[in-house]
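Grab a viewer and work through the exercises below. Each one sets a task and then walks through a solution.

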Amino acid sequence: MITKSYSLFVKDVKSELRTRYAINSLVMFILVAISAILFSIGNEKIQPELAAGLYWVVIFFSAMSGLSRAFVSEEEKGTTLTLQLIASPDTVFTGKLLFNLILTFLINIIVTFIYAAFFEGFVINNFVLFIITFIFGNIGLAISSTIIASIIAKSGSKGTLYPVLSFPILLPLILTCVQLNIFSIDGTSFDNVLYELAIVVSYDIIMITVSYLLFDYIWKE
Amino acid sequence: MNSYSLEIKNISKNFGRRLIFQNINYSINSNSVVGISGNNGSGKSTLIKIIAGVLAPNQGEIIHSFESKKIADDKLFNHIGFVSPYLILYEEFSAVENLKIFSKIRGIEYDTEYIKMLFNKTNLYSRRKDIVKTYSSGMKQRLKFIFALMHKPDLLLLDEPTSNLDNEGKDSVYSIVSEYSKNNIVIIASNEDLDLKLCSDILYLENYK
């Protein structure tokens with residue numbers, strides 16, 4: 001299944017490079033969002049809590065603007081049936097998840113570098129914690145965004161439904177990641193953040209399990 | 001001789017409160033061409049999609065068997081070839097790129113010689129490297145036949161197979177169906193007399209309201 005899913009992922013990458021469905025909107029969103037924050041804070045040094053919160057706000061909304069494309073583009077092009085006829089639901093979900101994972105990580109690495117370069121308050125004192133939060137946070141974001149995208153792809157009002165449905169599902173993840181980022185800026189030791197880390201890891205495990213269980217029913221009309 | 005069989009057991013489908021058809025029972029055990037006919041909106045495409053496993057019925061089940069063993073739902077796609085006007089291939093890729101992508105995702109080998117033969121049969125060989133977006137609707141329809149046949153399916157499902165085709169294209173389709181049905185099951189959903197002439201038996205959906 002992994003080879004087939006990888007082939008689907010490669011198809012999506014080639015298709016994305018030719019059509020620029022997701023990349024353009026994601027890059028534009030990041031530039032606009034970070035510029036708007038920079039203009040609004042001016043020369044003021046922001047608090048670590050605010051820096052961590054704004055960082056995940058940019059990540060959340062950039063995910064909202066791009067990650068739904070994995071399924072929405074198939075639906076808009078009318079190729080969903082074609083995909084249903086060539087692959088099992090598990091292959092499709094894994095391929096799309098792989099695409100969203102790579103996209104999420106690439107985009108959020110760029111966001112992190114831009115953020116670190118322009119925001120004085122964004123100084124990481126526990127770098128390992130920051131990296132762990134980044135990895136598990138982005139995995140959770142990609143899994144949730146992929147399964148939600150598959151649900152909303154068939155609806156008429158995709159643009160509105162995606163953030164509406166994503167917000168309650170992603171809220172526990174975003175809040176915990178914001179808290180963990182504050183800890184990594186503060187330099188809090190690992191002994192004091194185990195509870196929050198357990199929440200993020202559990203969230204990822206629950207979401208991936210539920211997604212694979214549900215996708216078969218979502219995929220078949 | 002193909003040992004594929006298909007059993008439609010008590011299938012009913014409705015969209016909301018609108019009943020499309022009910023209690024369809026039918027089985028195909030030997031290589032043949034079976035037609036599905038009915039007025040517009042009678043559920044021909046719906047039944048074809050249910051048989052293909054991409055649409056769930058409200059009641060009943062479809063049993064696909066190969067060598068007397070039931071085929072699991074997640075393996076069904078490799079046994080089925082599907083052609084319809086609403087099937088859309090990736091327009092940003094060329095015909096060959098599309099077919100290579102499909103082979104890889106299906107997990108089967110890209111049989112260059114067999115696909116070359118299909119390209120020649122559908123008169124698309126000279127345009128095989130062109131982007132699908134530049135194809136006419138008739139050419140896209142012919143490419144769908146290559147898509148449907150490239151993995152040598154046991155069951156070929158054709159929904160309005162001759163739509164968008166000129167007379168030459170229709171002749172080519174009829175030749176493919178006649179040849180393919182010698183060793184496989186072909187189901188045609190259509191109202192075209194010439195399409196239905198190929199069928200040894202016809203399921204009239206008006207009888208299942």
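## Exercise 1: Two helices side by side

α7(A) goes past α9(A) in a left-handed crossing. Keep in mind that you're looking at a predicted model.

**Task.** Work out which residues make the contact between α7(A) and α9(A), and how they divide by class.

**Solution.**

Step 1. Start with the geometry. Helix α7 of chain A covers residues 127–152, and its axis lies 9 Å from that of α9(A), at an angle of about 20°. Angles under 35 degrees count as roughly parallel, so α7(A) is roughly parallel to α9(A).

Step 2. List the α7(A) side: I132(A), T133(A), F136(A), G137(A), I139(A), G140(A), I143(A), S144(A), I147(A), S150(A) and I151(A).

Step 3. Now the α9(A) side: L197(A), V200(A), V201(A), Y203(A), D204(A), M207(A), I208(A), S211(A), L214(A), F215(A), I218(A) and W219(A).

Step 4. Sort the contact of α7(A) with α9(A) by class, and you get 16 nonpolar, six polar and one charged.

## Exercise 2: Another partner for α9(A)

**Task.** At what angle do α8(A) and α9(A) cross, and which residues make their contact?

**Solution.**

Step 1. Take α8 (residues 158–186) and α9 (residues 194–219) of chain A: their axes come within 10 Å and cross at roughly 145°.

Step 2. Check the hand: α8(A) passes α9(A) in a left-handed crossing.

Step 3. Pick out the residues. α8(A) brings P172(A), L173(A), T176(A), C177(A), Q179(A) and L180(A), while α9(A) brings E196(A), I199(A), V200(A) and Y203(A).

Step 4. Count by class: the contact of α8(A) with α9(A) has seven nonpolar, two polar and one charged.

## Exercise 3: Chain A as a whole

**Task.** How many helices and strands does chain A have, and how does its radius of gyration stand against the globule rule?

**Solution.**

Step 1. Chain A has nine helices and zero strands, so its pattern along the sequence reads α-α-α-α-α-α-α-α-α.Step 2. Compare the radius of gyration: chain A has 18 Å, close to the 17 Å that the globule rule gives for 221 residues, so chain A is as compact as a globular protein of that length.

Step 3. Box the chain along its principal axes, and the C-alpha atoms of chain A fill roughly 55 × 35 × 30 Å.

## Exercise 4: Where the chains meet

**Task.** Which element gives the most to the side of chain A that touches chain B?

**Solution.**

Step 1. Count the residues: 22 come from chain A and 20 from chain B.

Step 2. Find the elements of chain A that give two or more residues to this side: α1 (2–19), α5 (80–86) and α6 (89–118).

Step 3. Rank them: α1(A) gives the most, with eight residues.

Step 4. By class, the side of chain A that touches chain B has six nonpolar, nine polar and seven charged residues.

## Exercise 5: Two sheets in chain B

**Task.** What is the strand order in each open sheet of chain B, the one of four strands and the one of five?

**Solution.**

Step 1. Take stock: chain B holds six helices and nine strands. Its C-alpha atoms fill a box of roughly 45 × 35 × 35 Å along the principal axes.

Step 2. Read off the four-stranded sheet: the order is β2-β1-β4-β5 (chain B), with antiparallel pairing. β2 (18–28) and β5 (69–70) of chain B are at the edges with a single partner strand each, so one side of each has no neighbour in the sheet.

Step 3. Zoom in on one pair. Strand β1 (residues 4–15) of chain B is joined to β2(B) by seven bridges, and the two run antiparallel. K13(B) has F21(B) of β2(B) as its bridge partner.

Step 4. Add the helix: α1 (residues 44–52) of chain B packs on this sheet and touches β1, β2 and β4 (59–66) of chain B, its direction making about 130° with that of β1(B).

Step 5. Move to the five-stranded sheet: the order is β6-β7-β8-β3-β9 (chain B), and the pairing is parallel. At its edges stand β6 (80–83) and β9 (201–204) of chain B, each with a single partner strand, so one side of each is left without a neighbour in the sheet. On average, neighbouring strands here are turned by 15° against each other, direction ignored.

Step 6. Again, check a pair: five bridges join β7 (residues 155–159) to β8 (residues 185–189) of chain B, and these strands run parallel. Here L157(B) stands opposite I187(B) in β8(B).

Step 7. Finish with the helices. α1(B) lies across β3 (33–37), β6, β7 and β8 of chain B, at about 155° to β7(B). Helix α4 (residues 137–149) of chain B packs on the sheet too, touching β6 and β7 of chain B, with its direction at about 170° to that of β6(B).

How values were computed:
Residues numbered from 1 in each chain as written. Chains lettered and ligands numbered in written order. Predicted model: local features only at pLDDT ≥ 70, side-chain atom pairs only at ≥ 80, totals over all residues. Axes fitted to C-alpha atoms, helices over the stretch in contact; angles between N-to-C directions. Left-handed = near helix turned anticlockwise from the far one by under 90°. Contact = placed C-beta atoms within 7 Å. Nonpolar A, V, L, I, M, F, W, Y, C, P; charged D, E, K, R; others polar. Pairing = 2+ DSSP bridges. Parallel < 35°, antiparallel > 145°, perpendicular 65-115°, else oblique. Rg over C-alpha atoms; globule rule 2.2 N^0.38 Å.
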